[in-house]
Amino acid sequence: METTVYQETSMPRIGDKAPSFKAVTTQGSINFPEDYSGSWVILFSHPADFTPVCTSEFITFASMEEKFAKVNTKLVGLSVDGLYSHIAWLRTIKEKIEYKGLKNVEVNFPLIEDISMNVAKKYGMIQPEESNTQAVRAVFFIDPKGIIRAIIYYPQSLGRNFDELYRVIIALQTADKFKVATPADWEPGDEVIVPTAGSCGVAKERMQSKDTDMNCYDWFFCTRKLDKAKIDSALVKKE
Ligand code: BEZ
């Protein structure tokens, strides 16, 4: 009979404090998450350097680094490869690879070396049924106070959608700033969800409201307009 052997790994959850660690990266040593206090961070893992899906991901993500910086978001990558492999791979990306019209792409965000798998195990990035020796594609969204606010895991074969990662950051920041939730497939400029009525009185008020900016599908499901310009001016740093 086949048995599954589970390694002892932790799986941080939404709302947890991001597990702390010190690491060597392609941009020097970091003390995580303390060094990132005051910024949003996307901490993400990839299976291995010099592999095709990962290369397409790094070129795409690095080309969006400034866009993320404008919404106070820093990127930190990780794989269980060593520092010199990371350096060689990032040099190859810059010097040799053109992907979807993106070329000469410099990866300026830190890429953690994690040969010991110390960080990968703390963050549940090693998932033995996928691989014992490489990380899956994990993404942790960490807020300026060091709290994990969203988590996405992809298998090794599936390249991530980086527009979606940007959408998650904007949606989390919009929820915090405007005290709203965001519906399915929300993009800035779409209507947002106002907190559900918490009493019979508010439910009745909502259904009788003449507020033309609010739209109630029923008492528990009301949306309101939130202009993209208002979101941009609250979240996006000016030049
Ligand atoms: C890749 O990045 O191409 C890859 C890495 C590990 C397993 C499968 C694909």
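**Entry 1. Ligand contacts**

I began at the ligand and found a backbone N or O atom of cysteine 54 at 2.9 Å from one of the ligand's oxygen atoms. I noted that the model is a predicted one. For proline 52 I read 3.3 Å between a backbone N or O atom and an oxygen atom of the ligand. Threonine 51 takes part through its side chain, where an N or O atom is 3.0 Å from a ligand oxygen. I then looked up the areas: the ligand taken alone exposes 260 Å², and the protein buries 78% of that.

**Entry 2. The shell around the ligand**

Which residues are around the ligand? I listed Pro47, Thr51, Pro52, Val53, Cys54, Gln134, Arg137 and Gln156. Sorted by class, the shell has four nonpolar residues, three polar ones and one charged one. I also asked which element gives the largest share of this shell. That is helix H1, residues 52-63, with three residues.

**Entry 3. The loop before H1**

I stayed close to H1 in the sequence and went through the loop between S3 and H1, where phenylalanine 50 lies. Its phi is positive, about 55°, although the residue is not a glycine. Is phenylalanine 50 buried, exposed or partly exposed? I have it as partly exposed, with a relative accessible area of 46%.

Aspartate 49 lies in the loop between strand S3 (40-45) and H1. I looked up its relative accessible area, which is 7%, so aspartate 49 counts as buried. Setting aside neighbours within four places in sequence, I found aspartate 49 in contact with Ser79, Asp81, Gly82, Ser85, His86, Trp89 and Leu111. With serine 79 there is a polar contact between the two side chains, at 3.5 Å. I also checked aspartate 49 against alanine 88: they are 39 residues apart in sequence, and their C-alpha atoms are 9.0 Å apart in space.

**Entry 4. Aspartate 143**

I turned next to another aspartate, number 143, and asked where it is found. It is in the loop between strand S6 (137-142) and strand S7 (148-154). Aspartate 143 has a relative accessible area of 10%; buried means under 20%, so it is classed as buried.

What does the side chain of aspartate 143 meet? I found a polar contact with the side chain of arginine 149, at 3.2 Å. A polar atom of the aspartate 143 side chain is also 2.8 Å from the backbone nitrogen of lysine 145. Not counting residues up to four places away in sequence, I listed Ser39, Trp40 and Arg149 as the residues that aspartate 143 touches.

**Entry 5. Backbone geometry elsewhere**

I looked for a cis peptide bond and noted the one from phenylalanine 32 to proline 33, with omega near 0°. Proline 33 has its place in the loop between strand S2 (28-32) and S3.

I then took up lysine 100, whose phi is near 50°, a positive value in a residue other than glycine. Lysine 100 lies in the loop between helix H3 (83-96) and strand S5 (111-113). Its relative accessible area is 71%; over 50% counts as exposed, so I entered lysine 100 as exposed.

**Entry 6. The whole protein**

I closed with the overall values. How many helices and strands does the protein have? I read seven helices and ten strands. The protein is divided into domain 1 (21-166) and domain 2 (179-235). I took the separation of their C-alpha centres, which is 35 Å.

Along the principal axes, the C-alpha atoms fill a box of roughly 65 × 55 × 35 Å. Of the 239 residues, 42% count as buried. The protein exposes about 13000 Å², and 52% of that is supplied by carbon and sulfur atoms. Last, I looked up contacts between residues at least 6 apart in sequence: 68% of them join residues at least 24 apart.

Definitions and conventions
Residues numbered from 1 in each chain as written. Predicted model: local features only at pLDDT ≥ 70, side-chain atom pairs only at ≥ 80, totals over all residues. Heavy atoms only, no water. Near = heavy atom within 4 Å. Polar contact = N/O pair within 3.5 Å; in protein donor to acceptor, adjacent residues only side chain to side chain. Areas by Shrake-Rupley, 256 points an atom, 1.4 Å probe, with all protein chains shown as cover. Helix = DSSP H or I, 4+ residues; strand = E, 2+ residues; numbered from the N terminus. Nonpolar A, V, L, I, M, F, W, Y, C, P; charged D, E, K, R; others polar. Domains from an automatic or database assignment. Buried < 20%, exposed > 50% of the residue type's maximum accessible area, 1.4 Å probe, protein only. Contact = heavy atoms within 4.5 Å.
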